[in-house]
Structures are given as structure tokens and as C-alpha cells.
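Reader: I'd like a close look at one part of this protein, and then a walk outwards from there. Could you keep it chatty but precise?

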Amino acid sequence: MSLSRHVDPEDIIHHLQDLRMPSSQATSSSTGGQQQTLQHLTPFSTPYASQRDIPKYQIPREGAPGDTVYEMLKDELDLDGRTNLNLASFVDTYLEENAQKLMVENAGKNLADNDEYPAMLAIANRCVSILAHLWGVRKGESAVGSPTVGSSEAIMLGGLAMKRRWQERRRAAGKDTLKPNIIMGANAQVALEKFARYFEVEARILPVSKKSKFCLDPELVRENVDENTIGVFVILGSTYTGHFEPVETVSKMLDEYQEKTGIDIPIHVDAASGGFVAPFTHAGAGGQKWNFENPRVVSINASGHKYGLVAPGIGWIIWRDKACLPKDLIFELHYLGGTEESYTLNFSRPGAQVIVQYYNLIHLGFNGYREIMENCLANARILSKSLEATGWYTCLSDIHRPAPETTNTAEAAAAAVKGAVSSAVGRTEEAGPGPETSAAYVAGLPVVSFRFSDQFRREYPHIKQETVSLLLRARQWIIPNYALPPNESDTEILRVVIRVSMSFDLLDRLVADIVQVTEQLMEKDEVDLLGVLHEQKHRRKPVTKEERAEKEKKREERKHKGGTMGGVKEAGKDVKKRMEDGIHRTVC
């Protein structure tokens, strides 16, 4: 009999469980009867209760004690990764104690119930005002905005507003509105593509390249816009490499296009992560006018639950002026005795995150956010430089590279921008030299994207980069390995997101673990994950220079004896199937 290619472990467990129980108990367990009764009578910590389970896919007829269910769920959730070591996600995993209290105390408040919770509504409006000024709204403009569930909802709203305004202009000119399109780079987050698909807009997804820093290429934008283009999505912080897309460069290109054709094409800035980084860091957006100081930018979104430092569930959408938000997207609601205006896709949504966002803005202030973001970038630079110092890795992110020299004009413009922001938040810059800041480096998110160096791949062609990700996961680090966008998908990257919870001590441990994992792979002629994992259990100390020299000597001896690169066996001569063939790629 041939081996089955698929088994259901739950069927096996439940079958064996039924065999070992009396028939009456086995029968009643499927309905949650006697099985649940035993759980009520038996403490969870005893071996008797440990033989019981709770229904997974159907509600039981009888309930179970809260402490029992709590312990069972707690045990199952132990299988999740540790949030602090999850370096794949941009989402904040840390809340200070006062923020946690506010979350718990306001967990039951619905943001949709404005008439019942007027104080919470006022706090939401204050946040909108703070962000509008932080993002450079100009005097005389009446910025409007709203909290959202996240940046995905905010992007949908920003795209919808651009589509409606395009339709209004076309109808006023007596033209059809049948074929709207929107421009974005292939590095765009899936929410941008969702907007196009859900709201029937052609997505013109432009290829990225090494030349364009794997981001939107302004030259390709020039070639693809036309009279049916409702707008351009420009990303302030690519999720692949952390680069800021050149908002001002794209804007100038659209200015030239408008001069030739008379067609006005707006920009929506997806600042999901960069919206809480660029305003505070010394590097800013690298001298680019990315916010409302650029008149072509009509709306900006950001995620409060990323570098806004709030728990998951809060985003923001801001339009520079009421005129940028079409009236037919605004609903006047008469609900629970009150009248309110709504221009969101969701109705009921949590309000506690809005309160924590306001707490952070007031508690940290401009300088507090600046200190945090500068610290994140400093740690990202240290990690980048450490990886490249090994010679085994090269970084595709650029936040550790010196910023290109700027002209006096550009420097003066940057100073003017900082002055405007300083005025908006009511602070003054202190004169005099200080410690190294992000101003000396390429602007971007605190993200480190890296891959094997060319020399490493030549000398160790048998080592798969995704194996590094897997072995780091065995040490509890969650670092994804995945391909760059289409057109560059032959290149895979490992990516680390540096968040506020990354201490220098933790960073030191991360570098040591990456080095040790890589060295262990280099020592193997063939990738033997079982052997490497066994070594990891018994050896956590760093390798000394003497040990490394001895290993290199033996490696060179094997190379000359075997006659093949790195001692890899020739195909067809008892080469075992490498386990990395079955490793699933992690996509974040």
C-alpha cells in the first residue's frame, strides 16, 4: 500500500481518544455533554483534565469554566511567535503602562457613537488637526480627516475621493467616465491594488528596478499618465526596502504634463509608515516636499498602529482641504439622537486606539517622537553596517549610506521646511553641533533589507538564503525571506523592521545570532538542517578569531581535495535531497 500524501491529525487524535473512552463518554464528547461536565468538576492543572479538549469548530451545548478555557487558550497561543522578536511586522508591539490603562478603560467605546461619547469625538478631531499641521497644511486651507481602522481603509477613501473628483471634472467637460486608471509602482502594498479592483479602476502597476531603488520610477509615470488617470499613489516608505518614493520629483513631472495638456493629476501619499517618521527625523524625506507643502498632494494616510506607536486598529486619512473631499462621499447620519457627518467605510469601530494616539502625541511631543525615530534609525544603521562588515551580506536598503551632497539651495529649502514644522508644533531649534543624526544619511524607514553578497553566493552556491530565515526562527527571531517585486523577483531579501521595542542589547544578540547561523551553514558541505539545529542547542557562544581561521583552513583543504566549490558533491553521487527544497517562502 502506498503512503498517503495527506493525513488529518485531528481525525487521528479524536479517533484514538474515542477508543480509550467508554462508549457513552465518547458519544457525549461530540456534543459537549459529559466531557464538559468532567471539565467543570476537574481542575485544569490535573492530569485528568489534561486529557480533555474543547470543541474547535462548533459551539458546545454546555459551557466550560472561564479559568479552564483561559488556560487552554493561553497554552495554544504560546505557539505564536513572540511579538518583541517579530521583526517582520511594521505594527507596533509595545505600549507603555499608561497607554495600556487607557486601552482597557476605553475598550467598550464605539467610535461611531459620537453623541454618546462626545469627549472621544473631540479627541479624534484634535488628532486630525495635529496631523494636518504636522504634515504641512497651509494657511487658509481647511483640512479634514478621520480616524480609520487602518491604512487600508484610509487608502480606499483617498482613492475614492480622487476618483469622484475626476468623474466630476469629466462630466462637467461632457466627457465619459468609463475608463479611470491609477498609477502605482509594483512595490505597492496590496491595499492599493485592492482599491483599484474593488472600485473598478484600472491599476497601472509600473515595474521597479535597481535604478529606481525598487520604487516608483518617475520616468515611467510620465509615460503612463493620460486624461483618464485619476491620480498617482506615491509611497512614503516602501515595505520592501524602506525607501521613500520621490514625491516632489513625481509632482514636478505632473506639473510639466499639466502645462502641456491642461490635465491636472493629483497625488495621494501612502505614508502608512513614513507619516510618523519623516516629520520627526533630521533626515526628513531627503529634501523632497512630500506633504501638503506640495500643492499637488491632496491627501495623506498613515497608520497610527505602526510608527504612531499605538496598538493595532488605527489609521488616519487627511485631506488638505474640504474641496478635496467630494460632498457625495459625506453622509449625514441621524443616529441615537444625534446628527453627525461620516466619510468612512466602516461604521462601528474601536475608539480606545484614538485615545491612545492622542496620549502619545501629547505625552511624547515632537521631541519625544524625534528621539524615538532617530533611535530606531540609529539601530537600523548599526545592523546594516554590521551585516555588511561580515562580507557575507549586502544591504539593499540605504539608510546607512551617506546622504548625497546637496546644493546650498536645497539646504536652504530643507531649513525652511524644518522652520515651518517647528512653527507648527510651537518649538524652536537649538543652535550648535550635536551628536550624529539621520541628516547625514539617506532618508528612509528604519528597515534593513539584505541578501547574500555576490562573493558569498559564488563561494557557497549550495546555501539557500531562506535557510537563514528558518534557522533564525528556531532561535525565535521572525525575519522573512521573500522576493522583490515583479521584474526583480529573481532577487530575494531578508528584511528586518526596527521598531521602538528594539533595544541595543537585543540588537547585539540579533547580530550575533545571524553571524552564528551563517557560520554554521558555511561549515556544512551540504545543508543539513537537523545537524545545524542540534549545534544551535549546544553552542550559543560567538566563534573566536582562532576558531574561524582554523575552519577557513580546513575549508580550503577540502576545496582543493574535492575539486568543487565549497566541497559540494557532484550531482548523481549520493547527494541527499536538501531540506530547503521543502521550505515555504515567507511573504510579509
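Where does helix 11 bend, and by about how many degrees?

Author: Keep in mind that this is a predicted model. With that said, helix 11 bends at G365, and the angle is about 90°. You can see the effect in the end-to-end span. Helix 11 covers residues 352-389, and a straight helix of 38 residues would span 56 Å at 1.5 Å a residue. Between its end C-alpha atoms, helix 11 spans only 44 Å. Just after helix 11 comes G391, with a positive phi of about 85°.

For contrast, have a look at helix 6, residues 118-134. Its 17 residues reach 24 Å from first C-alpha to last, which is close to the 24 Å expected at 1.5 Å a residue. Quite a few of its side chains are tucked away: the buried residues in helix 6 include M120, I123, A124, C127 and V128, and L131, A132 and L134 are buried as well. Helix 6, too, is followed by a glycine with a positive phi, this time G136, near 80°.

Positive phi also turns up at residues that aren't glycines. E200 is one of them, at about 55°, and it sits in the loop between helix 8 (190-198) and strand 3 (202-206). E200 counts as exposed because its relative accessible area is 66%, and the cut-off for exposed is over 50%. K213 has a positive phi of about 60° and isn't a glycine either. You'll find K213 in the loop between strand 3 and helix 9 (218-224). K213 has 40% relative accessibility, so it counts as partly exposed.

Now for a spot that carries an annotation. An unreviewed UniProt entry places the feature "modified residue: N6-(pyridoxal phosphate)lysine" at K306. In the model, K306 belongs to the loop between strand 6 (297-303) and strand 7 (315-319). Although it is in a loop, K306 is classed as buried because its relative accessible area is 18%, and buried means under 20%. Leaving aside residues up to four places away in sequence, K306 touches F90, V91, D92, A272 and S273.

Step back into strand 6 and you meet N301. N301 is buried, with a relative accessible area of 0%. Its side chain makes a polar contact of 2.7 Å with the side chain of H268. Beyond its sequence neighbours up to four places away, N301 touches a long list of residues, among them W135, S151, A154 and I155, along with V269, D270, A271 and A272. W316 and I317 are on that list of N301 contacts too. A272 is a nice link here, since it touches N301 and also K306.

Further along the chain, L494 lies in strand 13 (residues 492-497). L494 is buried, at 1% relative accessible area. P480 is 14 residues away from L494 in sequence, but their C-alpha atoms are 5.7 Å apart in space. With residues up to four places away set aside, the contacts of L494 include Y393, V448, F450, Q465 and V468, plus P480 itself.

And the whole picture? The protein chain has 17 helices and 13 strands. Buried residues make up 49% of its 588 residues. Of the contacts between residues at least 6 apart in sequence, 75% join residues at least 24 apart. As for the surface, the protein chain exposes about 30200 Å², with carbon and sulfur atoms supplying 53% of it.

How values were computed. Residues numbered from 1 in each chain as written. Predicted model: local features only at pLDDT ≥ 70, side-chain atom pairs only at ≥ 80, totals over all residues. Heavy atoms only, no water. Helix = DSSP H or I, 4+ residues; strand = E, 2+ residues; numbered from the N terminus. Expected span 1.5 Å × (residues − 1). Bend = angle between axes of the 7 residues up to and from the residue. UniProt positions renumbered as here; feature names shortened; annotations may be inferred. Buried < 20%, exposed > 50% of the residue type's maximum accessible area, 1.4 Å probe, protein only. Contact = heavy atoms within 4.5 Å. Areas by Shrake-Rupley, 256 points an atom, 1.4 Å probe, with all protein chains shown as cover. Polar contact = N/O pair within 3.5 Å; in protein donor to acceptor, adjacent residues only side chain to side chain.
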